[in-house]
Every structure is written in structure tokens, then in C-alpha cells.
Amino acid sequence: MRTSTFLMLLIVLTATAPTVAQQPVTESAGGVISLGELQAMAIGNNPTLRQAAAQVEAERGAAQQAGLGPNPYVGYVAEQIGVNGTAGELQGAAIQQEFVRGNKLGLSREKYAQRARIAETNLAAQQQRVLNDVAMRFYETYAAQQRIDIHHRMIDNAHDNVLTYKEMLNMGQVGEADVLRAEVELRRATVNLKQAFNEQDRAWRELMSYVGAPSLQPTALMIESDTHQPPLDWDTAVSQLLATSPQVIAAQQKIRHDRIV
């Protein structure tokens, strides 16, 4: 397993170029944070997963209730109570109980139980969506952090070019226009670095919105493995998709639900 880390240094420029005020990402207690750690945080924090899990519990509760028989009804009937000091002309009690036949309660419970299965499949699908979204934003943020390191190196090179052209100007080998062009390139590299910092901040905030941890400070990201996956085969990929896709499974479960109804 090969890990990639980097250290972003602040570049002190000459008086001809402005200083970049942004700070590089900070490291967590462990130094860096991996994709697996962020995905684990997303599973526990993402609100859409909590909503989907609550829907599963609601359908399970409905299935439990649907299989229970109707409650009995007990009533007391009286007319003209207390007229002329009497107990009344008519008094009586009523008991009513509805009996459901034909296994309708069992079918009703099975209907809602099937809804619970559909909710469980939707929960699994949403969980996979969250994991995929976190992975996509993770690599986008990782690339943004790497670009900052590249722009720092470009500023180093541009700064060295300015010093070189100034020395060549003193020796009469180049003109002042060449020095000015080198200073313009240094300023352009500085602007590009600021833009890279802004892009990193945007990518990090978007990543944290999927993780569900907006208070987590920017941290260096780590690629856990560079293992290359074999190329995908079309027929194999389609067969696996049709067999394991949560959307297909949920549709099949919906057919079963409609048959019960």
C-alpha cells in the first residue's frame, strides 16, 4: 500500500509580488484523513440516511399494527336518568366485536411488510449513493489540494526566474522588458495560487456537506491504495447491474406488493 502525503509551504515573495494570505490545509490528529474514514462519518451523519432509516421503522410499525384485530367496542345506554328521582326509563349495555375472516389481517400485514422491504432496499440504495457522492467529492478535493502544491512549485520557479533575469540585467545580457515579463509571470502564478486555494475551500465545503460534518476543518487527504481495477466487461457489468441494482430489486418488490393488494 502506498500513501501520498504532501506539505504545502508558504512562499515569501519579493516586493514585486503580493503575498498569498491563505493557509494550507491542517492535519488531523492522525496527520491525514482517508476516504474510508469520511465515508464512515457520512453513514452516521448524513440526514438522508436517517430519513430513509426512519421510513423503514415506520413501515415496520405499520405492518405490526395492520395484523392486529379490531378493538372491541363496549358501550352503556341510558335514557332520562334522574327524572323524578328515578334511575331512568331505559338502561343497557352494548358489546361489539368485528371478526375479520379470509386471512385479511394476514394479507394486510404482508402488504405493509412488503412496503418495509421496499423501504429497506431504498435505504441500501441511498447509502450507496451517499458513499459514491463522498468518494467523488473526496477525489475532487484531493486533486484541489495537489494543485495547490503544484502552484507553489510554479511560484518558486517564477521567483527564481525573476532573480535570474535581474542578475542578467545587471550584466547587460537582457533588457528591463525581460525582467518585467518575469515579474508579470510571478504575479500571474500568485493569482493562480489564490484561485487554487478558493477551489480547495469550495471542494472541501461540498465534501463536508455530504459527510455531514460542516465543522470539520480542512485536512490533508490520503489515497489509501493505488491498486488498479481490471477493465470492465460490458456483458458482465450489465448482468451484475440487473442482478444487484437496488432500483431493479425495489421494482420487483413493488410488483409483489401490488399483487398482495
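pLDDT is the predictor's confidence in each residue, on a scale from 0 to 100. You will need that idea straight away, since what you see above is a predicted model. Across the protein chain the mean pLDDT is 83, and 86% of the residues reach 70 or more. Let's walk through confidence first, then the helices and how they meet, and finish at a glycine in a loop.

**How confident is the prediction?**

- Within the protein chain, helix α4 has the highest confidence, with a mean of 93.
- Strand β3, residues 90-96, has the lowest, with a mean of 83.
- Residues 1-30 have a pLDDT below 50, although this stretch makes 70 contacts in the model beyond near neighbours in sequence.
- Where pLDDT is low, predicted coordinates should not be read in detail.

**Helix α3 on its own**

- Helix α3 covers residues 104-170, and you can check its length with a little arithmetic.
- At 1.5 Å a residue, the 67 residues of α3 should span 99 Å; the C-alpha atoms at its ends are 99 Å apart, so the expected span and the model agree.
- Just after α3 comes G172, which has a positive phi of about 75 degrees.

**Helix α3 beside helix α4**

- Two packed helices are described by the angle between their axes and the distance between the axes.
- For α3 and α4 (residues 176-211), the axes come within 8 Å and cross at roughly 165 degrees.
- An angle over 145 degrees counts as roughly antiparallel, and α3 and α4 are therefore roughly antiparallel to each other.
- Their crossing is left-handed.
- Sorted by class, the contact of α3 with α4 has 22 nonpolar, 9 polar and 12 charged residues.

**Helix α1 and its two partners**

- Helix α1 (residues 35-45) has an axis that comes within 6 Å of the axis of α2, and the two cross at roughly 45 degrees, which makes α1 oblique to α2.
- On the α1 side of this contact are A42, I43, G44 and N45, which meet P47, L49 and R50 in α2.
- By class, this contact of α1 with α2 has 4 nonpolar, 2 polar and 1 charged residues.
- The axes of α1 and α3 come within 10 Å and cross at roughly 140 degrees, so α1 is oblique to α3.
- This crossing of α1 and α3 is right-handed.
- From α1, the contact uses L35, L38, Q39, A42 and I43; from α3, it uses Q127, V130, L131, V134, A135, F138 and Y139.
- The contact of α1 with α3 has 10 nonpolar residues, 2 polar ones and no charged ones.
- A42 and I43 are worth finding in the viewer: both take part in the contact with α2 and in the contact with α3.

**A glycine in a loop**

- G67 sits in the loop between α2 (47-66) and β2 (73-79).
- Leaving out residues up to four places away in sequence, G67 touches L105 and R109.
- G67 and L107 are 40 residues apart along the chain, and their C-alpha atoms are separated by 8.1 Å.

Note on methods:
Residues numbered from 1 in each chain as written. Predicted model: local features only at pLDDT ≥ 70, side-chain atom pairs only at ≥ 80, totals over all residues. Heavy atoms only, no water. Axes fitted to C-alpha atoms, helices over the stretch in contact; angles between N-to-C directions. Helix = DSSP H or I, 4+ residues; strand = E, 2+ residues; numbered from the N terminus. Parallel < 35°, antiparallel > 145°, perpendicular 65-115°, else oblique. Left-handed = near helix turned anticlockwise from the far one by under 90°. Nonpolar A, V, L, I, M, F, W, Y, C, P; charged D, E, K, R; others polar. Contact = heavy atoms within 4.5 Å. Expected span 1.5 Å × (residues − 1).
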